[in-house]
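User: Hello! I am new to reading structures and would like a close look at a single part of this one.
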Amino acid sequence: MLPWRRLLRPLAVLSLAAALVVPTGAAHAASAPSSGWNNWSCKPSAAHPRPVVLVHGTFGNSVDNWLGFAPYLVHRGYCVYSLDYGQLPGVPLFNGLGPIDKSAGQLGVFVDKVLGATGAAKTDIVGHSQGGMMPNYYLKFLGGAPKVNALIGLAPDNHGTTLSGLTQLLPYFPGAEDLISEATPGLADQIAGSAFVTKLNAGGDTVPGVKYTVIATRYDEVVTPYRSAFLSGPNVHNVVLQDLCALDLSEHVTIGLTDRIAWHEALNALDPAHAERTTCASVFS
């Protein structure tokens, strides 16, 4: 193999990984305060009877991905919990890299723990990026549907991603796709057309009994095309962030980390009986 081709193989892997990185300041994960979430003595109220499970994205973790949104929910009276999943041996803090079907199993164990601690019959799940897509595997294949009322995805890659066409270049770099699959299977599973994505959506996007909300952004540079986030089926609400507020410029990372307009729409999905119209002014709510 020519020297330049030997160089291009790892470059392709690094480029794909860099495009999926969620720069959440993971160095703070071990010491950051939880600001009231992951409180295992919390008991759901009559106003908010279901605990909320937050599922981080690729390269995220249970703290850094939710430093904004978790306190936002706790302040409004919810019992809120977040987990770490998809860990690779020897890779601290940066999670969501393991096989997604195994990550879904970790979610199932965590949901059972939350339900056991709170005494609730069901939970609601809010996930960012991979964290909005992976729970659907739990619902469809691991018996999670009876335990979940609603699944809310912030920029989820429900139908995989082309990473603005980057994944279509992989066949031109021999061995790159195999290297990604071996080193970071959680990345490979998210490529549009992968065996995982094909299985996930076979037979329909959704399962009966669960309410689905997808909040996407036109400026998503990771989930491409951005409409691949959308689901089809009953009890599905797909919304584009810019249709709620044309001034919102949030892209893939900020829709989960800092965007109070997206959070307000997620709040509506958690409590539709008291939903208020989401607008640009929701940033102040």
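In β3, which residue is the bridge partner of L54? Please also walk me through what surrounds that strand pairing.

Analyst: Happy to help! This is a predicted model, where local features need pLDDT of at least 70, side-chain atom pairs count only at pLDDT 80 or more, and totals for chains, interfaces and linings use all residues. Residues are numbered from 1 along each chain as its sequence is written, and side-chain values use heavy atoms, with hydrogens and water left out.

In β3, the bridge partner of L54 is V126. Helices (H or I, at least four residues) and strands (E, at least two) are DSSP runs, numbered from the N terminus. L54 belongs to strand β1 (residues 52–55), where V52 and L54 point one way and V53 and V55 the other. All four are buried, meaning under 20% relative accessible area, with exposed over 50% and partly exposed in between (1.4 Å probe, protein chains only). In general, side chains in a regular strand alternate between the two faces of the sheet.

Strand β1 pairs with β3 (residues 123–128) in the parallel sense, over four bridges; two strands pair if DSSP finds at least two bridges between them. β1 also pairs in the parallel sense with strand β2 (residues 80–83), over four bridges. There, V55 has L83 of β2 as its bridge partner. Between β1 and β2 the chain passes through helix α2 (residues 69–74), in a right-handed β-α-β crossover: with the strands pointing away from the viewer, the path from the first strand over the helix to the second runs clockwise.

Within helix α2, F69 and Y72 are both buried. These two are separated by about one helical turn because they are three residues apart.
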